[in-house]
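Visitor: I would like a close look at a single part of this model, namely the way its helices pack against one another. Please take me through it slowly and in connected form.

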Amino acid sequence: MRKIFISPSILTADFARLEQECKLLEKSGADWIHCDVMDGNFVPNLTFGMPVVKSIRKCVVLPLDVHLMIDRPERYVTQFVSAGADIITFHVEATDKVAETCKLIRDCGKKAGLSVKPSTPVEILEQYRGLFDMILIMSVEPGFGGQKFIESSVEKIKTARRLFNDALIEVDGGINSETARKVIQAGADVIVAGNAVIGAKDRRAAIENIRNAGQ
Ligand code: DX5
Ligand code: ZN
């Protein structure tokens, strides 16, 4: 059985208690911490940038899974690396320098992720084969937590699994134990969950329910 990684998103956490929130996620069995960076331009929402990632880095030892929803992400790669990011994922729709940005991330010794919005076919990534470590399939429109899972994402994950057997496949948006079952069975390796974990009373149970949903 392949390993399933759970990457809880802190997007809907209480930012005044970020240290406790992140430490609790670490204690509750999270594998990574998913940090949603939004610029109010590539997506309509604004969140946080390098200083917050740097603060989180001091609180936990877990890998930081940084999801850049920003235009021209190449401008900020080295700064996120300095802040402590371990995996840097950006959107193919956000730059005309996709290959260069992957190379920049990898040259910094970090893992490069490429993300596609719900309307972008995953086949578009074939031209970048070998340049990235992970594919992030958005199963909601990027920008906000708490949205409904888009069912057509399941077929997209199957296609991604078939086309890119050597990359991790991460899924983000609208994940609960029911949708987790579908995406894990379709071939996802990394599951991002915001509300389903942060909103749960028992975070350990929520994480384990999602992890085991595909069995
Ligand atoms: C949406 C973000 C997600 C979001 C997931 O743009 O990328 O990471 O926080 O939240 P849920 O799991 O609540 O849909
Ligand atoms: Zn995300």
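Visitor: In which sense, right-handed or left-handed, does α5 pass α6 in their crossing?

Guide: This is a predicted model, and in it α5 passes α6 in a right-handed crossing. The two helices, α5 with residues 153–163 and α6 with residues 177–186, have axes that come within 8 Å and cross at roughly 25°; angles under 35 degrees count as roughly parallel, and α5 and α6 are therefore roughly parallel to each other. On the side of α5 the contact is made by Val154, Ile157, Lys158 and Arg161, and on the side of α6 by Lys182, Val183 and Ala186. Sorted by class, the residues of this contact divide into 4 nonpolar and 3 charged, with no polar residue.

Two residues of that contact, Ile157 of α5 and Val183 of α6, also touch Ala188, which has its place in the loop between α6 and β8. Ala188 has a relative accessible area of 0% and is therefore buried. Leaving aside neighbours within four places in sequence, Ala188 is in contact with Arg2, Ile4, Ile169 and Val171 as well as with Ile157 and Val183. Leu168 lies 20 residues from Ala188 in sequence, while their C-alpha atoms are 7.6 Å apart in space.

From α6 the view can move to helix α8, residues 203–211, whose buried residues are Arg203, Ala206, Ile207, Ile210 and Arg211. Seen down the axis of α8, these buried residues fall within an arc of 130°, so they line one face of the helix. An α-helix has 3.6 residues a turn, so residues three or four places apart point the same way. The cover over the buried residues of α8 includes α6 itself, together with β1 (5–8), α1 (18–27), β8 (190–193) and α7 (195–198).

Of these covering elements, α1 deserves a separate description. The helices α1 and α8 pack at an angle of about 55°, with their axes 9 Å apart, and that angle makes α1 oblique to α8. Here too the crossing is described by its hand: α1 passes α8 in a right-handed crossing. Glu21, Leu24, Leu25 and Lys27 in α1 meet Arg203, Arg204 and Ile207 in α8, and the residues of this contact divide into 3 nonpolar and 4 charged, with no polar residue. Arg203 and Ile207, which take part in the contact with α1, are also among the buried residues of α8.

The helix α1 has a further partner in α2, residues 50–59, against which α1 packs at an angle of about 50°, with the axes 9 Å apart. That angle makes α1 oblique to α2, and α1 passes α2 in a right-handed crossing. In this contact Leu18, Glu19, Cys22, Lys23 and Glu26 in α1 meet Val52, Ile56 and Cys59 in α2, and by class the contact has 5 nonpolar and 3 charged residues, with no polar one.

One backbone detail outside these helices may be added. Arg72, found in the loop between β3 (64–69) and α3 (77–83), has a positive phi of about 45° although it is not a glycine. Most residues other than glycine have a negative phi. The relative accessible area of Arg72 is 46%, and Arg72 is therefore partly exposed.

Key. Residues numbered from 1 in each chain as written. Chains lettered and ligands numbered in written order. Predicted model: local features only at pLDDT ≥ 70, side-chain atom pairs only at ≥ 80, totals over all residues. Heavy atoms only, no water. Axes fitted to C-alpha atoms, helices over the stretch in contact; angles between N-to-C directions. Helix = DSSP H or I, 4+ residues; strand = E, 2+ residues; numbered from the N terminus. Parallel < 35°, antiparallel > 145°, perpendicular 65-115°, else oblique. Left-handed = near helix turned anticlockwise from the far one by under 90°. Contact = heavy atoms within 4.5 Å. Nonpolar A, V, L, I, M, F, W, Y, C, P; charged D, E, K, R; others polar. Buried < 20%, exposed > 50% of the residue type's maximum accessible area, 1.4 Å probe, protein only. Arc of directions from axis to C-beta.
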